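Please read the account below alongside the sequence and the model. It goes through helix packing, the nonpolar core and a few individual residues.

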Amino acid sequence: MTADPHRVFEDAALLLDQALAGDRAAAVETVGTVVGDQGISGALGVAWCLAGTITGDGNPSGLWSLEFPEIDEAQYDARWVARFISAYLNEDEPTAQALVGAAQEDGRLEDCLLTLAGSTVATLHHRER
């Protein structure tokens, strides 16, 4: 990743705070700013941080596979999130970069980042139980 790591972390933390607060408008604005100002490298860094928050610490090492029944029938952003998290768990940055690039090319990157932020919030809420 070529984005400024400090800024990426700050942007990811801001997006997560906004998502946790339920402030969709602010989250949309933050994602738009990240994608607009930093491009794919910034979006990749933010997504990587969010995926790390979802997966947490202490993941077993080894190859992870995507076990998501009927993944190909899921909505674009849900497929993207599942595949991105799988790439994260496998430490497969080239696949993560390809996913971000494809979403950008398809005009869906902002939607995918917002879905990833929502999934992160849902995971954090689930852990609180």
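In this predicted model, the axes of α2 and α4 come within 10 Å and cross at roughly 140°. Angles over 145 degrees would count as roughly antiparallel, and the angle found here therefore makes α2 oblique to α4. The crossing in which α2 passes α4 is right-handed. On the α2 side, the contact is made by Val35, Ile40, Ala43, Leu44 and Trp48. On the α4 side, Glu93, Ala96, Gln97, Val100, Gly101 and Gln104 take part. By residue class, this contact of α2 with α4 divides into 7 nonpolar, 3 polar and 1 charged.

Trp48, one of the α2 residues in that contact, can be looked at separately. Is Trp48 buried or exposed? Its relative accessibility is 18%, and the cut-off for buried is under 20%, so Trp48 counts as buried. Trp48 and Gln97 lie 49 residues apart along the chain, and their C-alpha atoms are separated by 10.0 Å. Both residues belong to the set through which α2 and α4 meet.

The wider setting is a chain with 5 helices and 0 strands. Along the sequence, the pattern reads α-α-α-α-α. The protein chain has 129 residues, of which 40% count as buried. Among contacts between residues at least 6 apart in sequence, 75% join residues at least 24 apart.

A second helix pair is formed by α1, residues 5–20, and α5, residues 109–128. Two packed helices are described by the angle between their axes and the distance between the axes. For α1 and α5, the angle is about 65° and the axes are 9 Å apart. The range from 65 to 115 degrees counts as roughly perpendicular, and α1 and α5 are therefore roughly perpendicular to each other. Here too the crossing is described as right-handed, with α1 passing α5. Leu15, Leu16, Ala19 and Leu20 in α1 meet Ala117, Thr120, Val121, Leu124 and His125 in α5. The residues of this contact of α1 with α5 divide into 7 nonpolar, 2 polar and no charged.

Next comes the nonpolar core. Which residues of the largest nonpolar core touch the most other members? The core has 35 residues, and those with the most such partners are Trp80, Phe84, Leu109, Leu113 and Leu116. At least two residues of this core come from each of α1, α2 (24–55), α3 (76–89), α4 (93–105) and α5. The helix that gives the most is α2, with 12 residues.

Leu116 shows how one of these core residues is placed among its partners. With neighbours within four places in sequence left aside, Leu116 is in contact with Ala47, Leu50 and Ile54, and also with Trp80, Val81, Phe84 and Ile85. Trp80 and Phe84 thus appear twice: they are in contact with Leu116, and they are listed with it among the core residues that touch the most other members.

The last residue to consider is Glu91, in the loop between α3 and α4. Although Glu91 is not a glycine, its phi is positive, at about 55°. Is Glu91 buried or exposed? Its relative accessibility is 68%, and exposed means over 50%, so Glu91 counts as exposed. Trp48, by contrast, is placed in helix α2 and counts as buried.

Terms used
Residues are numbered from 1 along each chain as its sequence is written. This is a predicted model: local features need pLDDT of at least 70, side-chain atom pairs count only at pLDDT 80 or more; totals for chains, interfaces and linings use all residues. Side-chain values use heavy atoms; hydrogens and water are left out. Axes are lines fitted to C-alpha atoms, for helices over the stretch in contact, and angles run from 0 to 180 degrees between N-to-C directions. Helices (H or I, at least four residues) and strands (E, at least two) are DSSP runs, numbered from the N terminus. Angles under 35 degrees count as roughly parallel, over 145 as roughly antiparallel, 65 to 115 as roughly perpendicular and the rest as oblique. A crossing is left-handed if the near helix is turned anticlockwise from the far one by less than a right angle, and right-handed if clockwise. Contact means heavy atoms within 4.5 Å. Ala, Val, Leu, Ile, Met, Phe, Trp, Tyr, Cys and Pro count as nonpolar, Asp, Glu, Lys and Arg as charged, and the others, Gly among them, as polar. A nonpolar core is a set of buried Ala, Val, Leu, Ile, Met, Phe, Trp, Tyr and Cys residues joined through side-chain atoms within 4.5 Å. Buried means under 20% relative accessible area, exposed over 50%, partly exposed in between (1.4 Å probe, protein chains only).
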